[in-house]
Amino acid sequence: MHALLSLQEEQERRDEDYRRTQSVLAETIEIGRATAQQIALQGESLSISEAIAENTDYMLQKSARILRGMTWSGWVANIFTSDVKCPSVSAATTAASTTKEEDIFTFLQKKCN
């Protein structure tokens with residue numbers, strides 16, 4: 001009888017361990033999903049930031065060329081050098097999700113054309 005009771009207790013402990021493991025596993029999966037969602041949002045933010053940085057670099061180079069052209073020697077230098085190229089429309093530009101970001105990209109693209 002004692003051995004039977006001991007086997008029942010062992011089975012109950014295993015069942016409880018199994019339930020706890022299932023609970024921890026479910027919580028881990030939920031945390032993983034939330035983490036993946038946050039990483040996706042951060043990736044989108046990084047892409048948008050990269051596009052803004054590229055456009056800012058373009059504007060700085062274009063401004064430097066215009067300022068250089070205001071002197072006689074700079075004007076001559078500008079004749080013999082190519083114009084600054086506008087950055088290409090990247091996936092980040094099309095991934096802009098908010099109106100403010102879309103407005104920024106629209107403004108920058110108009111400046112390039």
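Glu16 and Arg19 both lie in helix H1, where three residues, about one turn of the helix, set them apart. The two side chains form a salt bridge whose closest N and O atoms are 3.4 Å apart. This pair is a convenient place to enter the structure, which is a predicted model, and the account below moves from this pair to the chain as a whole and then to other parts of it.

**The charged cluster in helix H1**

Side chains of opposite charge can pair when their charged atoms come close. A search of the whole structure finds seven salt bridges, and among them are three that involve Glu16, Asp17, Arg19 and Arg20, as listed here.

| Salt bridge | Closest N and O atoms |
|---|---|
| Glu16 with Arg19 | 3.4 Å |
| Arg20 with Glu16 | 3.8 Å |
| Asp17 with Arg20 | 2.5 Å |

Arg20 and Glu16 both belong to helix H1 and are four residues apart, which again is about one turn of the helix. Asp17 and Arg20 are separated by about one helical turn because they stand three residues apart in helix H1. Taken together, Glu16, Asp17, Arg19 and Arg20 are linked in a network of salt bridges.

How accessible is Glu16? Its relative accessible area is 35%, so Glu16 is partly exposed. Asp17, with a relative accessible area of 38%, is likewise partly exposed. Of the two arginines, Arg19 counts as partly exposed at 48% relative accessibility, and Arg20 is partly exposed with a relative accessible area of 46%.

**The chain as a whole**

The protein chain contains four helices and zero strands, and, read along the sequence, the chain follows the pattern α-α-α-α. Of its 113 residues, 14% count as buried. The chain exposes about 9,100 Å², and carbon and sulfur atoms supply 60% of that area. Among contacts between residues at least 6 apart in sequence, 59% join residues that are at least 24 apart.

Confidence should be kept in mind when these features are read. The mean pLDDT of the protein chain is 83, and 73% of its residues reach 70 or more. Confidence is lowest in helix H3 (residues 91-94), where the mean is 50, and highest in helix H2 (residues 72-80), where the mean is 94. Where pLDDT is low, the predicted coordinates should not be read in detail.

**Arg65 and its contacts**

Helix H1 spans residues 2-68 and also holds Arg65. Is Arg65 buried or exposed? Arg65 counts as buried because its relative accessibility is 14%, and the cut-off for buried is under 20% relative accessible area. The side chain of Arg65 makes a polar contact with the side chain of Thr81, at 2.8 Å. When its neighbours within four places in sequence are left aside, Arg65 is in contact with Asn78, Thr81, Ser82, Asp83 and Val84.

**The nonpolar patch that includes Trp72**

Which residues make the nonpolar surface patch of about 600 Å²? Trp72, Trp75, Ile79 and Phe80 make this patch. Trp72 is found in helix H2, and, with a relative accessible area of 68%, Trp72 is exposed. The cut-off for exposed is over 50%, so the value for Trp72 satisfies it.

**Cys86 beside helix H1 residues**

Cys86 is found in the loop between H2 and H3, and at 28% relative accessibility Cys86 counts as partly exposed. Two separations describe where Cys86 stands with respect to residues earlier in the sequence. The C-alpha atoms of Cys86 and Lys62 are separated by 9.1 Å, although these residues are 24 residues apart along the chain. The C-alpha atoms of Glu54 and Cys86 are separated by 9.0 Å, and here the residues are 32 residues apart along the chain. Glu54 itself lies in helix H1, and at 34% relative accessibility Glu54 counts as partly exposed.

Terms used. Residues are numbered from 1 along each chain as its sequence is written. This is a predicted model: local features need pLDDT of at least 70, side-chain atom pairs count only at pLDDT 80 or more; totals for chains, interfaces and linings use all residues. Side-chain values use heavy atoms; hydrogens and water are left out. Helices (H or I, at least four residues) and strands (E, at least two) are DSSP runs, numbered from the N terminus. Buried means under 20% relative accessible area, exposed over 50%, partly exposed in between (1.4 Å probe, protein chains only). Contact means heavy atoms within 4.5 Å. Accessible areas come from the Shrake-Rupley method with a 1.4 Å probe; for residues, only the protein chains shown count as cover. A polar contact is a pair of N or O atoms within 3.5 Å; within protein, one must be able to donate a hydrogen and the other to accept it, and residues adjacent in sequence count only if both atoms are side-chain atoms. pLDDT is the predictor's confidence in each residue, from 0 to 100. Patches are made of residues with over 30% relative accessible area and no salt bridge: like charges are joined within 9 Å, nonpolar side chains (Val, Leu, Ile, Met, Phe, Trp, Tyr) within 5 Å. A salt bridge is a side-chain nitrogen of Lys or Arg within 4 Å of a carboxyl oxygen of Asp or Glu.
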